[in-house]
Amino acid sequence: MRSLIINAGQLLTMAGPSGPRKGADMRSVGLVKDGAVLVEDGKILAAGPREEVLAHEGAGSARRIDAGGHVVMPGFVDSHSHPVFVHPRLGDFEARLKGKSYSQIAADGGGILSTVSSVRAARTEELAEGLAVRSKKFLACGTTTLEAKSGYGLDFDSELKMLRVIKAAAGPLELVATFLGAHALPSEFKHDRDGYLREVVSEMLPAVAAEGLACFIDVFCEKGYFSVEETRRVFAAGAKAGLGLKIHAEQLSRSGGAKLAVQAGAVSADHLDEVDEADIRLLAGSDTVACLLPGSNHFLAKPYPPARALIDAGAAVALATDFNPGTCPCWDMRQIVSMACTQMKMTPEEALVAATVNGAWALGLGKTHGVLEPGYQADLICCEAEDYRELPYYLGASPIAWTMKNGAVLHSQQDEV
Ligand code: NIG
Ligand code: FE
């Protein structure tokens, strides 16, 4: 099946060097005016100026899709989310509005452990249904690949239940699963940290690896959650089991998690609100992607991570939603891109690179996702905009006219009327 997308007023190919984009390469979106894209069997055959693509053999007989002069670009690659849960945490939200902090709310019985109780009690079908509903929302907002973490089970059966739900939900939204057994200490292990970590590395992890349930392992490295030493232990076991490494680091306090991520060769270090200059230099000298999650800063009303300093030092920055019921109820990557520009002073070009190609590198998928060049996956979106800077500029409704995944148009605004 061959499709030809024509009449892209602005085509953003994200063409550039292979590897996480840094420095000036983060400002290059591969802009082509009046562009076209030729797609075959879910892959890009050609992308560029209309005349060049039309001259490609096979263009003549392809099914034509008119982009109406709008912006066409890679689908968003959202490299950090927690989309499997039962209820939104509205009580936590209200408590925070009255002045309680994230940590106080957790200490009072809210927070991650309150989501854990409901996920443990939930039937698999209930979790699957919730994930299916949310997946449609992500697709409608232009996300074509989404990382999805466990971490609300925190016991053998419930962590595996979450990861099986993610595996079974495969397609049309592509999900990349991450095992986050070390998200919080469950209450039954309150006085036995070592016992819980043993459970994570010696019981859950081997089962996760044997069933092929996750690509990555992640740890919430934070005061009151897991220390750098404990994270190192989980990383060592995860790497041995063949999983890539991710970390929640320096979100609420500086722990040294970012440094560990670089030393351990983690694919990404996420949040980074509290990084210091030495951390920034280390990240800049590595291929560990600095994944920033401004939606959680917005929702918790706390200062934003130092995106400018990271980019200017040469770190590869990605943007993701961190969609979860506690700290970020936002599935719309365009809104994250907008926050990145207005609140963290990223340029529109940097923010779009961070939300596509660098998101792909944060999932180890940079050679196949996030770029519109021959051989890459045909994951792309058409945005109702004449200029790509409108994406961060407008607030409110999503401008995504349609979303294409693996060469198939999955969501179109016309379907909704
Ligand atoms: O990335 N920080 C840890 N994990 C999530 C929050 C999870 C929750 O509060 O349910 C985050 O912000
Ligand atoms: Fe998170």
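Me: Why is E350 called buried?
Reply: Buried means under 20% relative accessible area, exposed over 50% and partly exposed in between, with a 1.4 Å probe and protein chains only. E350 has a relative accessible area of 0%, and therefore counts as buried. This is a predicted model, in which local features need pLDDT of at least 70 and side-chain atom pairs count only at pLDDT 80 or more. Side-chain values use heavy atoms, without hydrogens and water.

Me: What makes the pairing of the side chains of E350 and R308 a polar contact?
Reply: A polar contact is a pair of N or O atoms within 3.5 Å; within protein, one must be able to donate a hydrogen and the other to accept it, and residues adjacent in sequence count only if both atoms are side-chain atoms. The two side chains, of E350 and R308, meet at 2.8 Å, so the pair satisfies that limit. The E350 side chain also reaches the backbone nitrogen of T347, at 2.9 Å.

Me: Which residues is E350 in contact with, leaving aside its neighbours within four places in sequence?
Reply: They are M26, R27, R308 and I311, where contact means heavy atoms within 4.5 Å. M346, with neighbours up to four places away likewise not counted, touches residues including M26, R308, I311 and L319.

Me: What makes the largest set of 129 residues a nonpolar core?
Reply: A nonpolar core is a set of buried Ala, Val, Leu, Ile, Met, Phe, Trp, Tyr and Cys residues joined through side-chain atoms within 4.5 Å. The largest such core has 129 residues, and I5, L319 and M346 have the most contacts inside it.

How values were computed
Residues numbered from 1 in each chain as written. Chains lettered and ligands numbered in written order.
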